[in-house]
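Trainee: I would like to take a close look at one part of this structure, and I would be glad of a slow and connected account. Could you guide me through a single helix, the others that pack against it, and the empty spaces around it?

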Amino acid sequence: MLLLVTVTARHAWRATGPWYRHDVQEPVASLLPEATGAPSPAAPADSDATDASKGERTRAALLAAATRRFALDGFQRTSVSDVARDVGVTAGAPYRYFADKEALFLAAVDADGAELIDLVRVSVFGQLGGPISALLGRLADQLGAALDRHPLVARVLSGAEPMGPARILALPNLATLRGEITALLRVGQEAGVVRASVDPAVLALAIETTVLYQLAYIATLRGTGSGPDEDRWAAMAALVEAALAP
């Protein structure tokens, strides 16, 4: 279930920007897929629950160790056995949770980026008011500071790892956020405050691409003492506003 179920009715699409001119009467949750109604699975036996909990802790520890290793040494110089040794498990243990080193790397990047995804989520869904330029500017400041706490994501975005756009866009947390933004834009189209002639999934991808571009640019500036080009960012925000305007 998409996290948009937490967004309440009557979003403030009003105020100054073209994306926020009216109230949306329908709750976002009403436009999302309904629950299946299937009965909840039976609670696992105590031993099964204990094993699952231990497995979850081991997986989390492997991800944390992998994030540190990949951020410091990069993909090529990091081995799965290094990560296993850091956690204190056998060399074969990580393969119970990850198919290979690449799968471990992608999962580590996805996990490391979770806070940044949440910052986008809060900015987009928690502060629905004002022009897009203000929203994106505020978001850029928050994400720039967050990169210092997430060096693996910063490494990937700066181009130090040949990950490529396709694999970045396929990261589960990012794909989930893209779906949430798509649903929100569809609400705006229903209310007549977002351009209805464009697929909301395309608009969501455009917004995501704009933010990723700016974030990658900020990542390349880390340690240089330079800041992002405010005029370029404002121009990108104006382009998004124009694309959304009905």
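Mentor: What follows is a walk around helix α9, first through its packing partners and then through the spaces that it helps to line. Please keep in mind from the start that this is a predicted model.

Let us begin with helix α8, which covers residues 172-191, and helix α9, which covers residues 200-221; their axes lie 8 Å apart and form an angle of about 125°. An angle that is neither under 35 nor over 145 degrees, and that is also outside the range of 65 to 115, counts as oblique, and therefore α8 and α9 are oblique to each other. Their crossing is right-handed. On the α8 side, the residues that take part in the contact are L174, R178, I181, T182, L185, R186 and Q189, and they meet P200, A201, L203, A204, L205, I207, E208 and L212 of α9. Sorted by class, this contact has 10 nonpolar residues, together with two polar and three charged ones.

The next partner is α5, whose residues are 132-147. Here the axes of α5 and α9 are 10 Å apart, and the packing angle is about 45°, which makes α5 oblique to α9. The crossing of α5 with α9 is right-handed. From α5 come L136, L139, A140, L143, G144 and L147, which are in contact with V211, Q214, L215, I218 and A219 of α9. This contact is made up of nine nonpolar and two polar residues, with no charged residue in it.

With these two contacts in mind, we can turn to the enclosed spaces, for the structure holds two cavities of 30 Å³ or more. The largest cavity contains about 370 Å³ of space, and among the 28 residues that line it, those nearest its centre are I117, V120, L174, L212 and L215. Both L174 and L212 also belong to the contact of α8 with α9, while L215 belongs to the contact of α5 with α9. The elements that give two or more residues to this lining are α3, α4, α5, α6, α8 and α9. In the lining of the largest cavity, 24 residues are nonpolar, two are polar and two are charged.

The second largest cavity has a volume of about 40 Å³, and its lining consists of L136, L139, A140, L143, V211, Q214, L215, I218 and W233. Two or more of these lining residues come from each of α5 and α9, and by class the lining has eight nonpolar residues, one polar residue and no charged ones. Residues such as L139 and I218 are also found in the contact of α5 with α9.

Finally, we come to the largest pocket, which holds about 210 Å³ of space. It is lined by 13 residues, and the closest to its centre are L157, G164, P165, I168 and L212. The elements that contribute two or more residues to the lining of this pocket are α6, α7 and α9, and the largest share, four residues, is that of α9. Nine of the lining residues are nonpolar, three are polar and one is charged. One residue to remember is L212, which is named among those closest to the centre of the largest pocket, among those nearest the centre of the largest cavity, and in the contact of α8 with α9.

How values were computed: Residues are numbered from 1 along each chain as its sequence is written. This is a predicted model: local features need pLDDT of at least 70, side-chain atom pairs count only at pLDDT 80 or more; totals for chains, interfaces and linings use all residues. Side-chain values use heavy atoms; hydrogens and water are left out. Axes are lines fitted to C-alpha atoms, for helices over the stretch in contact, and angles run from 0 to 180 degrees between N-to-C directions. A crossing is left-handed if the near helix is turned anticlockwise from the far one by less than a right angle, and right-handed if clockwise. Contact means heavy atoms within 4.5 Å. Ala, Val, Leu, Ile, Met, Phe, Trp, Tyr, Cys and Pro count as nonpolar, Asp, Glu, Lys and Arg as charged, and the others, Gly among them, as polar. On a 1 Å grid over the protein atoms alone, a cavity is a set of points where a 1.4 Å probe fits but cannot get out, and a pocket is an open set with protein on both sides within 12 Å along at least five of seven lines; lining residues have an atom within 4 Å of a point. Grid points are joined across faces, edges and corners, and a volume is the space filled by probe spheres set on the points.
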